[in-house]
Amino acid sequence: MTSPLITLYPVIAPVSQPDQDLKGREKVVRLSQLARLALQRSCRISGLRLDSLPKNEDGVPLPVDGVYWSISHKSEVVGGVAAPMPVGFDLEILRPINPALMDRVADIDEWGLVGSEQTQTTFFRFWTAKEAVLKAEGKGFAGLSRCRIAQIIDTTCMVLTFDDRRWPVSHFWFGDQVAAITSHHFAVDWQIVKALS
Ligand SMILES: CC(C)(COP(=O)(O)OP(=O)(O)OC[C@H]1O[C@@H](n2cnc3c(N)ncnc32)[C@H](O)[C@@H]1OP(=O)(O)O)[C@@H](O)C(=O)NCCC(=O)NCCS
């Protein structure tokens, strides 16, 4: 039997210039707070509830009453999503990359899936997809070697594996930014908001 399709509503918002101009710890705290506001917006749109946002001793977000959550905060953009199943979400800003990182994000077999498309865009697609799966699995960077690109479906959909588990991932491109979300049994309705409060 096929599981029913559930729609997820990841919320993404730009970081205001005053917040981008913050420094050090103050900036980290503010970005983290903004990502949580995006997450609460995702809860409201989804009809899901998260009264607290606990994490384990490794910093992995823990579900509350069956509601899972994942957030990402970068200097210029933040986002978050709530889901009734394990979920991973990641954001990146496209920027020049050190060529050595190409081999770090994927091996020769994984790069072979895209042929000549070994571009900055594909790099960030792979990177965010792996980050999303690592987050959904509750693993940080340490799990990277167990996470592999298995199949490219089209420009917004690919399949990864973590050990023997398959993780479909959806991408969303906006300007020079890209978002990725694990989308097992999920439809995804991306929500781009101008500001968070
Ligand atoms: C920590 C990690 C999960 C993501 O970090 P990141 O991309 O730098 O940061 P993001 O802003 O996207 O995500 C941070 C959020 O992820 C969550 N998170 C942290 N560790 C996590 C874990 N092990 N599993 C799931 N979620 C985690 C937290 O909620 C955190 O926000 P908070 O501290 O405000 O609660 C991890 O994958 C990492 O260290 N990445 C380093 C970059 C790298 O080398 N990636 C290789 C990809 S090819």
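Visitor: How far does a polar side-chain atom of D90 lie from an oxygen atom of the ligand?

Guide: Keep in mind that this is a predicted model, so treat the distance as computed from it. A pair of N or O atoms counts as a polar contact when the two are within 3.5 Å. The D90 side chain offers a polar atom to a ligand oxygen, and the separation is 2.9 Å.

Visitor: Which side chain has an N or O atom 2.8 Å from an oxygen atom of the ligand?

Guide: Here too the ligand partner is an oxygen atom, and the protein partner is an N or O atom in a side chain. The separation is 2.8 Å, and the residue is H73.

Visitor: What is the distance between the backbone of G140 and a nitrogen atom of the ligand?

Guide: For G140 the protein partner is a backbone N or O atom. On the ligand the partner is a nitrogen atom, and the two lie apart by 3.4 Å.

Visitor: How much of the ligand does the protein bury?

Guide: Start from the ligand taken alone, which exposes 910 Å². Of that area, the share buried by the protein is 79%.

Visitor: How many residues surround the ligand?

Guide: The closest ones are S32, R36, K55, S72 and E131. They belong to a surrounding set whose count is 21.

Visitor: Is E131 buried, exposed or in between?

Guide: E131 lies in helix 5, and its C-alpha atom is 9.8 Å from that of T182, 51 residues apart along the chain. Buried means under 20% relative accessible area and exposed means over 50%. E131 has 27%, so the class is partly exposed.

Visitor: Which strands does helix 5 touch when it packs on the sheet?

Guide: The sheet in question is open, with 5 strands in the order 5-9-8-7-6 and antiparallel pairing. Its edge strands, strand 5 (89-93) and strand 6 (147-152), each pair on one side only. The twist from one strand to the next averages 30°. Helix 5 (residues 120-136) runs at about 150° to the direction of strand 5, and the strands touched are strand 5, strand 6, strand 7, strand 8 and strand 9.

Visitor: How many bridges join strand 8 to strand 9?

Guide: Strand 8 covers residues 165-174 and strand 9 covers residues 177-182, and they run antiparallel. One opposing pair is V169 with T182 in strand 9. The number of bridges is 6.

Visitor: Is G175 buried or exposed?

Guide: G175 sits in the loop between strand 8 and strand 9. Its C-alpha atom is 9.0 Å from that of I93, with their positions 82 residues apart in sequence. Because the relative accessibility is 81%, G175 counts as exposed.

Visitor: And Q177, is that residue buried or exposed?

Guide: Q177 has its place in strand 9. Leaving aside neighbours within four places in sequence, its contacts include E92, I93, L94 and F172. Its relative accessibility is 13%, so Q177 counts as buried.

Visitor: What is the relative accessibility of L160?

Guide: L160 lies in strand 7, and among the residues it touches are A129, K130 and V133. The C-alpha atoms of L160 and K130 are separated by 7.7 Å, although the two are 30 residues apart along the chain. L160 counts as buried because its relative accessibility is 0%.

Visitor: Which strands stand at the edges of the sheet with the order 3-4-2-11?

Guide: This open sheet has 4 strands and mixed pairing. Each edge strand has a single partner, so one side of each is left without a neighbour in the sheet. The edges are strand 3 (68-73) and strand 11.

Visitor: In which sense do strand 2 and strand 11 pair?

Guide: Strand 2 (residues 11-14) pairs with strand 4 (residues 77-83) in the antiparallel sense over 4 bridges, and I12 has G79 as its bridge partner there. Toward strand 11 (residues 191-192), strand 2 has 2 bridges, and V11 stands opposite Q191. The sense of the pairing between strand 2 and strand 11 is parallel.

Visitor: Which residue in strand 4 stands opposite S72?

Guide: Strand 3 and strand 4 run antiparallel and are joined by 6 bridges. Across from S72, the residue in strand 4 is G79.

Methods:
Residues are numbered from 1 along each chain as its sequence is written. This is a predicted model: local features need pLDDT of at least 70, side-chain atom pairs count only at pLDDT 80 or more; totals for chains, interfaces and linings use all residues. Side-chain values use heavy atoms; hydrogens and water are left out. Two strands pair if DSSP finds at least two bridges between them. Axes are lines fitted to C-alpha atoms, for helices over the stretch in contact, and angles run from 0 to 180 degrees between N-to-C directions. Contact means heavy atoms within 4.5 Å. A residue is near a molecule or strand if one of its heavy atoms lies within 4 Å of it. A polar contact is a pair of N or O atoms within 3.5 Å; within protein, one must be able to donate a hydrogen and the other to accept it, and residues adjacent in sequence count only if both atoms are side-chain atoms. Accessible areas come from the Shrake-Rupley method with a 1.4 Å probe; for residues, only the protein chains shown count as cover. Buried means under 20% relative accessible area, exposed over 50%, partly exposed in between (1.4 Å probe, protein chains only).
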